[in-house]
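Reader: Hello! I am new to protein models and would love a close look at a single part of this one.

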Amino acid sequence: MSDVETRTSSIEGLGLFATRPFSAGQRIRRINVLREVTPTSPLREELGERADHCDYPNGKVVLLGYPDRHVNHSCDPNAYVLYEGGCSFLMARRDIAAGEEITCDYNINITGGTAWPCHCGAARCRGTTVGDFFLLPLDIQREYLPLLAEWFVRAHRDRLRALGLA
Ligand SMILES: C[S@@+](CC[C@H](N)C(=O)[O-])C[C@H]1O[C@@H](n2cnc3c(N)ncnc32)[C@H](O)[C@@H]1O
Ligand SMILES: [Zn+2]
């Protein structure tokens with residue numbers, strides 16, 4: 001039996017849900033990456049491929065497959081993405097109960113993304129996803145430091161240092 005399932009989410013559209021409990025720090029699953037999106041292999045919108053089903057690891061654009069493309073954003077996420085050896089994994093950030101929606105904060109490991117209204121419903125919802133780690137409140141940037149990918153820290157070390165974050 002699978003450890004996760006997709007179903008309608010109170011946040012938006014479909015979401016990814018745990019079908020069993022996970023402990024903080026536990027690997028939930030390896031993220032299903034379909035392919036890299038490049039100028040010669042662009043998104044095929046006619047086949048339902050969507051820009052908001054992409055991830056942006058280390059300067060690349062990759063199209064996520066089922067079911068990971070359905071992870072919604074939360075301003076108080078219970079999961080995060082770990083990049084390791086060319087793969088990515090969904091990790092529990094805190095204990096997750098069976099039936100709980102698995103969420104990530106889309107503002108981690110990204111700069112220059114788009115902002116849009118957030119309906120995550122978390123007590124600390126910021127009302128908008130800013131699409132840029134450095135536009136998060138400083139206390140949240142500090143909280144997310146342990147979740148940053150090595151490639152993101154390497155690319156932004158000077159900015160992180162200037163903020164006293166690295
Ligand atoms: C990776 S998809 C997430 C899965 C999506 N719910 C679905 O049905 O495919 C990202 C899109 O979901 C929506 N979304 C995710 N989290 C959201 C949130 N906290 N508030 C509002 N919309 C959200 C946005 O439209 C975003 O572009
Ligand atoms: Zn929110």
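Reader: How many Å lie between a polar side-chain atom of histidine 53 and an oxygen atom of ligand 1?

Author: Happy to help! This is a predicted model, in which local features need pLDDT of at least 70 and side-chain atom pairs count only at pLDDT 80 or more, while totals for chains, interfaces and linings use all residues. Residues are numbered from 1 along each chain as its sequence is written, chains are lettered from A and ligands numbered from 1 in the order in which they are written, and side-chain values use heavy atoms, leaving out hydrogens and water.

Now to your distance: it is 3.0 Å from a polar side-chain atom of histidine 53 to an oxygen atom of ligand 1. Histidine 70 also has a polar side-chain atom facing an oxygen atom of ligand 1, at 2.9 Å. With asparagine 72, an N or O atom of the side chain lies 2.8 Å from a nitrogen atom of ligand 1. The protein buries 88% of the 570 Å² that ligand 1 exposes when taken alone (areas by the Shrake-Rupley method with a 1.4 Å probe).

Around ligand 1 there are 18 residues (each with a heavy atom within 4 Å of the molecule). The closest are Glu12, Leu14, Asn72, His73 and His119.

His119 leads us on to the zinc ion (ligand 2), whose donors are the SG atoms of Cys75, Cys118, Cys120 and Cys125, at 2.3 to 2.4 Å (a donor here is an N, O or S atom within 2.8 Å of the metal, or 3.2 Å for Na, K and Ca). In sequence, these donor residues follow the spacing C-x42-C-x1-C-x4-C. Cysteine 118 is buried, at 8% relative accessible area (buried means under 20%, with a 1.4 Å probe and protein chains only), and cysteine 120 is buried too, at 12%.

Terms used:
Buried < 20%, exposed > 50% of the residue type's maximum accessible area, 1.4 Å probe, protein only. Polar contact = N/O pair within 3.5 Å; in protein donor to acceptor, adjacent residues only side chain to side chain.
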